[in-house]
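Grab a pencil and work through these exercises with the model open beside you. Try each task before you read its solution.

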Amino acid sequence: FLTVSSRIITFLSNGSPRGEVLVMKDLYLVDGYNVIFWLPKVFDREDLESSRKKLIDLLEDYGAHNNIEMIVVFDGKGNSNKVRIEPMGKSFTVVFTPSRMTADSYIEKESYDRKDEYRSIYVVTSDGPEQNQVLGNGSYRMAVADLLHAINEDKKVQTTFIAHNNRTNLRSEIGRSIPQSIQEKLDKLRK
């Protein structure tokens, strides 16, 4: 249900297409509630719906800017016996496990089943036993604090990029193209 690669078209020096190269992406499997409960200063534990939405927004933004496939897994609740998969976009999916399955077990299974589909698989959790289990599957572990640091660094890069481009690509305002003599007459009328 996820795309696992990007196609990049390469060009010859004369501008004609040379061919396509298949580039495998990284996959992040994120234990959603583990992240929420690990960062009480960032996420409100009393309002899990808002915390889930905030986490999804942060991860979706980070994944899009870094060409990363993201699967955020939340422990199931209620009487559901099936995994609920909600694709949020081409490279982002939210999963709710069934009531008798933990997010940990879902992530462990997915990290093993998908190990040949991605360049690297990172499991984001601060749960020690889960980290050790996924290392045996060939995945990499990423602590919640490391993910938060990466997201914050990505936000700094975005802010710098936007600020730079806003200075160099000024809006097209009519006042910039009006001759100075007409601007002065308009200023007199305005006063």
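Before you start, note that this is a predicted model. The protein chain averages a pLDDT of 82, and 76% of the residues score at least 70.

**Exercise 1. Find out which element has the lowest mean pLDDT and which has the highest.**

Step 1: Go for the low end. Strand 1, residues 5–11, comes out lowest with a mean of 52.

Step 2: Now the high end. That's strand 4 (residues 68–74), with a mean of 95.

Step 3: Check the start of the chain too. Over residues 1–5 the pLDDT stays under 50, and the model has 24 contacts beyond four places in sequence for them.

**Exercise 2. Decide whether Ser51 is buried or exposed, and list what it touches.**

Step 1: Locate the residue. Ser51 sits in helix 2, which covers residues 48–66.

Step 2: Compare its accessibility with the cut-off. Buried means under 20% relative accessible area. Ser51 has 2%, so it counts as buried.

Step 3: Skip the neighbours within four places in sequence. Ser51 is then in contact with Ile36, Phe43, Asp44 and Arg45.

**Exercise 3. Work out which parts of the chain the salt bridge between Lys25 and Glu69 ties together.**

Step 1: Recall the basic idea. Side chains of opposite charge can pair when their charged atoms come close.

Step 2: Look at the distance. The side chains of Lys25 and Glu69 meet at 3.6 Å, N to O.

Step 3: Place both partners. Lys25 is in the loop between strand 2 (17–24) and strand 3 (26–31), while Glu69 is in strand 4, so the bridge ties together parts that are 44 residues apart in sequence. Both Lys25 and Glu69 are buried.

**Exercise 4. Do the same for Asp61 and Lys155: where are they, and are they buried or partly exposed?**

Step 1: Check the pairing. Their side chains form a salt bridge, 2.6 Å from N to O.

Step 2: Place the partners. Asp61 belongs to helix 2 and Lys155 to helix 5 (residues 144–168), and the two are 94 residues apart.

Step 3: Read off the accessibility. Asp61 has a relative accessible area of 21%, so it is partly exposed. Lys155, at 32%, also counts as partly exposed.

**Exercise 5. Name the residues of the nonpolar surface patch that includes Ile182.**

Step 1: Start from Ile182, in helix 7 (residues 180–190). Its relative accessible area is 40%, so Ile182 is partly exposed.

Step 2: Add its partners. Ile182, Leu186 and Leu189 make up the patch, with about 310 Å² of accessible area together.

Notes. Residues are numbered from 1 along each chain as its sequence is written. This is a predicted model: local features need pLDDT of at least 70, side-chain atom pairs count only at pLDDT 80 or more; totals for chains, interfaces and linings use all residues. Side-chain values use heavy atoms; hydrogens and water are left out. pLDDT is the predictor's confidence in each residue, from 0 to 100. Helices (H or I, at least four residues) and strands (E, at least two) are DSSP runs, numbered from the N terminus. Contact means heavy atoms within 4.5 Å. Patches are made of residues with over 30% relative accessible area and no salt bridge: like charges are joined within 9 Å, nonpolar side chains (Val, Leu, Ile, Met, Phe, Trp, Tyr) within 5 Å. Accessible areas come from the Shrake-Rupley method with a 1.4 Å probe; for residues, only the protein chains shown count as cover. A salt bridge is a side-chain nitrogen of Lys or Arg within 4 Å of a carboxyl oxygen of Asp or Glu. Buried means under 20% relative accessible area, exposed over 50%, partly exposed in between (1.4 Å probe, protein chains only).
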